[in-house]
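Colleague: I am new to this structure. Please take me through one part closely, then show me what else is worth a look.

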Amino acid sequence: VGTTPWWKDAVFYQVYPASFKDSNGDGWGDIPGLISKIDYLHRLGVDVVWLSPMFESPQQDMGYDISDYQAVHQRYGTLEDVDRLIEACHSRGMKLILDLVVNHTSDQHPWFKESRSSKTSPKRDWYIWKPPRYDGEGNRIPPTNWRGYFAGPTWTWDEGTQEYYLNLYGPFQPDLNWENPECRAAVYDEAMRFWLDRGVDGFRIDTVNKYSKRTDFPDAPVTCPGVAHQPAPEMWCNGPRIHEFIREMRTRVLAPYGAVSVGELSNTPRPEQVLPYVSAAAGELDMAFEFSTIRLGTGDLFHGKYIYRPFPLSALKRLVETWQTFTEGTDGWHTVFCENHDNGRAVSRFGDDSTPELWEASAKTIALWQATSTGTLFLYQGQEIGMRNMPASWGIEEYKDVESVGFYNEAVATGDQDRVRATLHGLGILARDHSRIPFQWDDSPNAGFTDEGVTPWMRVHDQYRELNAAKQAADPESVLGFYTRILKLRKQYRDLFTHGRFRLLAPDDEALFMYVKEGGADGDGDGDDDKKRRKALVVMNFSSSVQQCPDISGALGCREGEASLLLSTVRSGKSAASDGLGPGLRGSELSPWEGRVYLNF
Ligand code: TEU
């Protein structure tokens, strides 16, 4: 643990600017609104704010379609507001990182406008242009059969210059050509150094594994017969020059500023694929997001993404084990998160929000799971108050996300009503929209997100009077109170939680989620390390029924009476009578969604 980099022990908190706090009554959150809540984040125990894109953008993908890297979108504020935000963070000992979205730009970016202006434009090669192909009947078809992420082809036809350009996401998001060194230099300068010079502390790097595409552009094998466009992530993920590009970005930009980096690695589920990005020796990224756990329940990444696939607890535990042990015997590092702006709410997906009691218990137990895990912890706005998915009664018109709408329209176009129903059901659990509804600050109209009478850009959750930050701030045993407490404990016991060795117990149990976290060796050289190691036992009931608590001292390998209870998720007034586990160890039964942590000291 000794001299670890600061970012390993830091708690990061993602802010989605449109939905956090509106200060000027236009129905969109903004940077002054965020500044007004920095003390709230500081009290919670947040060290670093990660601000999702607030750059100039047509907002077709909520700012992940940037038209000017050096300007702030007018609804979010001004450059001076960003300066004030940096100052607000730094003066409290906190840091700020921005989102770096440089796999693609908006089609409204001047670079793209110039690139599409003619085949001889000096910026033509900054994007990926290809001539058309023709099928047997002479019809024009795209250069490859690839399907993009938003339920369409990856190629868009440009009438003006009679070529296709590549877009892995929306047609309004043309992919930059990282093979072009001038293009890379412009990215480093305009999108990165500009902000680092203003005092930003680093970046969350969007789609970081997709800059190096296969340059021979072959068709993808037909894995979804009967449809025109085929899933093809292997054509653009983790490509031939990707590590070279990231090392270049690191050496030329990140390292000279001492900037922290966390990269987004979708479609990269194997530890041996992830390690090269985050191995300390490789000199690429500090950290990465790997998505296997957060993607549980999603259908096949492309056609069936929103056809929900229920999963057993054992599947979740196996994935957690894979990634919790990733750092053992390697020089890599890991991130811990269960929410972001691209997924449904954790309490609605991994917990049980069907009654107020189960909601509170499972939101706290999810907090316990996250805060006792090895790696750098990332929270998403509203997770700390147990924000839930949008109500099931809301119709498709409340879904605003380009991806949700794309998949829904695609299902409708098939004319298959079962598919439409299944897609709506899946969207109800998994859609990106759920995490994007306004933050529930208090019980005033519009949940205190924006002024009374204003129509917020997304509808406010019906339940905001019962579920909001102000109510929970007044109650130390609320979900918010629990997060505040456990984030302190995470720092106090960092050897066990942030850095500990993970041992999964009872992998096949479909109700209990239990593991031991071991601290470092005692280092006294008597060869007896194992017995003296500090250990924590995390016992969580991931079910809505009462479960038997296992043998605590047995699991910790200590004598009866040596184990102590560090904390439980259950409200103090509701504690089960201690019945035979020894003083302070709570009852032998775990109530629905109860979580506890025991120590062997
Ligand atoms: O997401 C990248 C990505 O590939 C996925 O993980 C994403 O969750 C999406 O749902 C794909 O189906 C990033 C951003 O996080 C996302 O919000 C953007 O829409 C996307 O890039 C494009 O910039």
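Modeller: Let us start with P181. This is a predicted model, and in it P181 is exposed, because just 9 other C-beta atoms lie within 10 Å of its own, and a residue counts as exposed at 12 or fewer. P181 belongs to helix 7, which covers residues 181–198. F245 makes a useful reference point. P181 and F245 are 64 residues apart in sequence, yet their C-alpha atoms are 10.0 Å apart in space.

Now turn to the buried side of the picture. The largest nonpolar core holds 131 residues. Y13, V49, A288 and V538 have the most contacts inside it. Helix 12, residues 356–371, gives the most to this core, with 7 residues. Take V49 as an example. Leaving out residues up to four places away in sequence, V49 touches Y13, V15, L41, C89, M94 and L96. There is also a second, separate core of 19 residues. Among its members are Y149, Y399, A411 and A431.

Finally, the sheet. It is open and has 5 strands, in the order 16-17-18-22-20. The pairing is antiparallel. Strand 16 (501–505) and strand 20 (564–568) stand at the edges. Each has a single partner strand, so one side of each is left without a neighbour in the sheet. On average, neighbouring strands of this sheet are turned by 20° against each other, direction ignored. Look at one pair. Strand 17 (residues 512–518) and strand 18 (residues 535–541) pair over 7 bridges, in the antiparallel sense. One of the bridge partnerships links E518 with K535 in strand 18.

Conventions. Residues numbered from 1 in each chain as written. Predicted model: local features only at pLDDT ≥ 70, side-chain atom pairs only at ≥ 80, totals over all residues. Core = buried A, V, L, I, M, F, W, Y, C linked by C-beta atoms within 7 Å. Buried ≥ 20, exposed ≤ 12 C-beta atoms within 10 Å, placed from the backbone. Helix = DSSP H or I, 4+ residues; strand = E, 2+ residues; numbered from the N terminus. Contact = placed C-beta atoms within 7 Å. Pairing = 2+ DSSP bridges. Axes fitted to C-alpha atoms, helices over the stretch in contact; angles between N-to-C directions.
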